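Me: I'm new to this one and would like to learn how to read it. Could you walk me through it?

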Amino acid sequence: MNQDQAKANLLDLDEAPVGDVLTPTRRPSGFYGGLYLPTDKHELAGQPLETAPPPPHVVLPLTQHAGLPAIPCVKPGQRVLRGQQIAVADGFISANIHATTSGTVIAIDEQPVPHPSGLSAPCITIEADGKDEWCELHPVVGDYHTEDPVRVRQRVREAGIVGLGGAVFPTSTKLTARADINVHTLILNGAECDPQISCDEALMRRYATDIIAGARIVLHILQVNRCIIGIEEDKPESEAALRLAVEEFDDDRFEVVRVPAIYPEGSERQLIQALSGREVPSRGLPLDIGFVCLNVATAAAINTAVTTGRPLTERIVSVCGDAIARPANIIARLGTPVSSLVELCGGYTSDVDRLVVGGAMMGFAVGDDNIPVVKACNSILAMTADQGRSSKDIRPCIRCGECARVCPSRLLPQQLYWHAGSHDLEKLERYNIFDCIECGCCDYVCPSNIRLAQHFRFAKAEIAVQDADRERAALARQRYEDRNRRLADAAQDRAARIAAKKRKAAAAADIHKRRKVITDVMTRVRQKEARRDRTETQ
Amino acid sequence: MKFQVEPAPHIISARPVPQVMREVLYALIPAVVVYTWYFGAGLIVNVAIACAVALASEAAILRLRRRDVRLYLSDYSAVVTAALLAFALPSLTPWYVTVTGTLFAIVFAKHLYGGLGFNPFNPAMAGYVLLLIAFPTEMADLWIAPRGAGDGLSVGQTLAAIFASTPPAAGWDAITSATPLDQVQSDLSRAMTMSEINANPTMHGSIVGAWLWINLAVAAGGIYMLARGIIRWHIPLAVIAGLALMATLFYLADADRNPSPLFHLTTGATMLGAFFIATDPVSAATSLRGRLIYGFGIGVIAYIIRTWAAYPDGIAFAVLIMNVAVPAIDYFTIPKPYGARDD
Ligand code: SF4
Ligand code: SF4
């Protein structure tokens with residue numbers, strides 16, 4: 001797509017009346033770069049959803065969301081019920097955590113968690129009592145439409161809902177209005193473009209009504225009258241289900257729009273561009289151009305939270321990949337060990353080689369399956385050696401430019417790679433490394449098998465460290481300079497004081513002298529007078 | 001259970017470098033066939049010599065540089081360089097000329113700059129230009145008349161000419177020492193008009209025809225590469241556009257003093273330059289806009305050299321000159337990233 005086309009497709013969404021510009025059959029313009037990836041996930045998405053039984057223990061990390069870790073509000077030994085809050089959000093960008101089954105808190109300590117670093121993190125461990133008893137729930141009673149939007153949003157916040165597409169940004173924060181921005185459109189992201197993951201597709205096929213109901217709640221919270229649902233064109237069943245649900249509600253604020261199935265369309269920036277022709281500003285948010293973008297699973301979770309009062313305690317996980325005996329989409333409660341989900345799917349085939357949390361393009365490989373399902377966990381992907389890529393036979397970059405052709409951020413990955421290699425952090429910033437969304441498209445096409453995205457992750461971290469160092473250095477320098485100034489000031493003060501004292505002393509001495517002169521003179525005068533008196537009296 | 005830990009993405013679909021290079025070689029096949037049909041077995045002998053020297057010298061240098069000889073030798077890049085260089089040489093080029101050119105291309109132009117991916121100049125063209133300067137007679141005088149315009153040489157005569165510099169027994173008649181581009185340039189410099197030049201036997205229809213067919217065969221290979229996604233359209237199109245634009249302008253201004261655009265596009269190394277030489281990714285510009293500028297520059301400079309400079313075919317020099325300009329082009333054509341466009 002060229003720039004002119006992009007401009008021609010640019011819609012003025014603030015002005016455009018609903019249903020006018022984006023007709024359901026309209027083919028959106030797409031976005032720069034990206035890839036058509038081969039996929040076979042639709043069959044899996046069509047299979048029945050399975051529900052995993054409650055495990056003997058659930059392990060709930062305190063960080064399952066972007067932002068600060070939640071603060072535990074239970075103690076080891078305490079009995080908790082399902083849905084009961086066990087950790088409190090620490091600040092605006094953080095999320096509550098709830099018990100996902102009833103039982104006893106047996107530990108609050110470091111446990112292995114799904115994280116690229118492979119390190120452990122603080123978790124709350126609950127021993128299940130097998131009763132799976134819910135705590136008392138507080139749904140928004142009656143019609144939420146008559147309820148104050150702020151109170152409805154509060155319910156979303158209490159329920160610990162975060163973006164379930166993988167970015168896990170606290171949803172209520174995203175739904176918080178800003179005085180300077182006029183939000184005009186809610187976008188529901190049904191473009192699950194990773195070639196393996198199908199949890200959202202499975203959800204859309206079966207829970208389309210919940211999704212639309214959730215989106216209606218969000219429209220109320222945002223006080224917005226337009227919702228565009230972006231669905232990739234290779235998911236006709238999902239599209240049909242959502243259309244049907246929209247019809248059921250007979251809500252003309254909704255539009256279902258088909259977008260080409262190009263990776264990374266699931267990225268909200270790319271989806272917004274595909275739907276509207278607009279680009280989210282480089283360092284900005286969709287909100288800056290009036291969009292709020294939510295994953296379909298997030299919308300469904302909002303519906304659950306508001307209408308039933310149930311907080312987020314489970315999600316759909318795609319357990320898939322060539323090395324899973326019987327792949328399936330599973331409704332799993334948070335905290336369930338990944339290993340037990342795999343077991344539920346018939347275990348690994350003998351040639352399992354790597355285990356990925358998330359999709360094949362952006363997920364991270366883990367060394368061990370003894371980790372819990374968390375809010376971000378959309379997929380467990382077990383790959384065989386010939387399915388997965390290896391770091392063997394990495395060759396020098398031949399500057400073929402294929403990476404630049406597919407980069408959805410319009411970067412020049414080959415140049416970034418070059419400068420990353422020489423640690424030229426300044427050049428990296430000049431070549432806009434911070435616009436890299438780490439989608440891996442460049443890796444996918446690189447004939448030299450270079451680990452481009454990984455280099456960029458490192459380089460970004462390096463720059464961050466350097467910036468922190470620089471900041472620290474600047475702070476230290478500031479402090480040093482302040483101290484020097486203070487010392488200098490003190491010295492000056494002292495000098496001034498001494499000088500003043502001297503001056504005073506000198507002045508005193510002076511007065512003394514003058515006084516002495518005067519007294520001398522006076523004495524002399526007096527003596528003279530006395531002498532004269534004496535002579536006169538004689 | 002323990003698993004392999006590798007960074008994302010976990011799948012790729014790229015054609016690895018060796019395969020890319022192999023496909024470039026496949027794409028050269030039609031051109032080699034047509035060329036051999038017109039000019040005899042000389043090209044094949046030259047390609048063989050160049051490949052042998054390229055592989056041997058590359059292996060030696062890789063060992064010296066303590067690189068993985070198997071990994072790098074198997075990328076076929078040396079073979080591609082050798083084939084392209086050989087393709088640019090006259091078919092009776094003496095063996096030592098071919099060897100010198102190849103050695104220079106591989107050792108100096110490629111490895112002294114760090115090997116594959118690091119060479120600022122196109123190695124094949126660097127080798128070729130060295131030969132033009134070092135062996136001007138051998139490079140200019142050993143063109144034989146193509147089939148249909150001369151008697152043709154046997155394989156034995158060809159081998160004798162290449163390895164022993166022995167004149168073919170049939171006499172030097174077969175050797176014309178000129179390609180149409182040479183002829184036009186030297187005749188124009190003697191103030192002849194195009195119609196007079198076209199009447200010259202060297203501009204015999206079958207000579208011009210031979211070059212036309214060779215260029216078409218090269219272009220066919222180029223289109224194969226485009227279809228397979230080995231190269232992208234930006235550079236070839238820009239080269240052809242640059243050359244065609246200049247040729248058309250001057251042709252329209254004075255058709256009697258300037259050969260037609262069609263003549264420019266179908267003689268000499270035009271198509272080879274557009275599809276195989278300028279598209280060498282390592283030494284080309286990087287961004288798509290940059291590549292358009294780069295290719296266009298090559299087309300324009302090639303025309304200038306063909307018309308006003310001392311060398312009849314300007315492609316090689318044009319490519320090297322634009323190689324020099326690449327860092328500047330790259331600097332000024334960094335694309336605006338997503339979300340940073342000036343609306
Ligand atoms: S795709 Fe790979 S080899 Fe090609 S330019 Fe990009 S980094 Fe270099
Ligand atoms: S990983 Fe970064 S550089 Fe590579 S294609 Fe994606 S955005 Fe572009």
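**Where the chains meet**

Reply: Sure. Keep in mind that this is a predicted model. Let's begin with the contact between the two chains, which takes 48 residues from chain B and 72 residues from chain A.

Me: How much area is buried between chain B and chain A?

Reply: About 5100 Å², with carbon and sulfur atoms giving 56% of that.

Me: And how many salt bridges cross the interface of chain B and chain A?

Reply: First the general idea: side chains of opposite charge can pair when their charged atoms come close. Here, four salt bridges are found across the interface of chain B and chain A. One to look up is A:Asp393 with B:Arg70, where the closest N and O atoms are 3.5 Å apart. You can also look for polar contacts across this interface: 29 residue pairs make them.

Me: Which elements of chain B give two or more residues to the side that touches chain A?

Reply: Helix 1 (17-39), helix 3 (69-73), helix 15 (288-308) and helix 16 (315-332) of chain B. By class, that side of chain B has 28 nonpolar, nine polar and 11 charged residues.

**Strands and a salt bridge**

Me: Now the sheets. How do I read strand pairing?

Reply: Strands of a sheet pair through backbone hydrogen bonds, either parallel or antiparallel. In chain A, try the open sheet of three strands in the order 3-5-6, where the pairing is antiparallel.

Me: Which strands stand at the edges of that sheet?

Reply: Strand 3 (71-72) and strand 6 (97-98) of chain A do; each has a single partner strand, so one side of each has no neighbour in the sheet. Strand 3 of chain A pairs with strand 5 (residues 85-88) of chain A over two bridges, and A:Ile71 stands opposite A:Val88.

Me: What does strand 7 of chain A pair with?

Reply: Strand 7 (residues 103-112) of chain A runs antiparallel to strand 4 (residues 79-80) of chain A, joined by two bridges. Nine bridges join strand 7 of chain A to strand 8 (residues 120-128) of chain A, and these run antiparallel too. To find your place, A:Arg79 has A:Thr104 as its bridge partner, while A:Pro112 stands opposite A:Ser120.

Me: Which side chain meets A:Arg79 in a salt bridge?

Reply: That of A:Asp129, at 2.3 Å from N to O. The pair links distant parts of the chain, 50 residues apart: A:Asp129 is in the loop between strand 8 and helix 3 (149-158) of chain A, and A:Arg79 is in strand 4 of chain A. Over all chains, the whole structure has 37 salt bridges.

**Ligands and backbone**

Me: Which residues are around ligand 1?

Reply: Among them are A:Cys397, A:Cys400, A:Cys403 and A:Cys446. The shell around ligand 1 divides into seven nonpolar, three polar and one charged residues. Around ligand 2 you'll find residues including A:Cys407, A:Cys436, A:Cys439 and A:Cys442, and its shell has nine nonpolar, two polar and one charged residues.

Me: Last one: which backbone features should I look at?

Reply: Most residues other than glycine have a negative phi, and most peptide bonds are trans. In this model, a cis peptide bond joins A:Tyr263 and A:Pro264, with omega about 0 degrees. Another cis bond joins B:Ala8 and B:Pro9, with omega about -5 degrees; B:Pro9 lies in the segment before helix 1 of chain B. As for phi, A:Asn432 has a positive value of about 60 degrees although it is not a glycine.

Technical notes
Residues are numbered from 1 along each chain as its sequence is written. Chains are lettered from A and ligands numbered from 1 in the order in which they are written. This is a predicted model: local features need pLDDT of at least 70, side-chain atom pairs count only at pLDDT 80 or more; totals for chains, interfaces and linings use all residues. Side-chain values use heavy atoms; hydrogens and water are left out. A residue is near a molecule or strand if one of its heavy atoms lies within 4 Å of it. Ala, Val, Leu, Ile, Met, Phe, Trp, Tyr, Cys and Pro count as nonpolar, Asp, Glu, Lys and Arg as charged, and the others, Gly among them, as polar. Contact means heavy atoms within 4.5 Å. Buried area is the accessible area (1.4 Å probe) that two parts lose on being put together, summed over both. A polar contact is a pair of N or O atoms within 3.5 Å; within protein, one must be able to donate a hydrogen and the other to accept it, and residues adjacent in sequence count only if both atoms are side-chain atoms. Helices (H or I, at least four residues) and strands (E, at least two) are DSSP runs, numbered from the N terminus. Two strands pair if DSSP finds at least two bridges between them.
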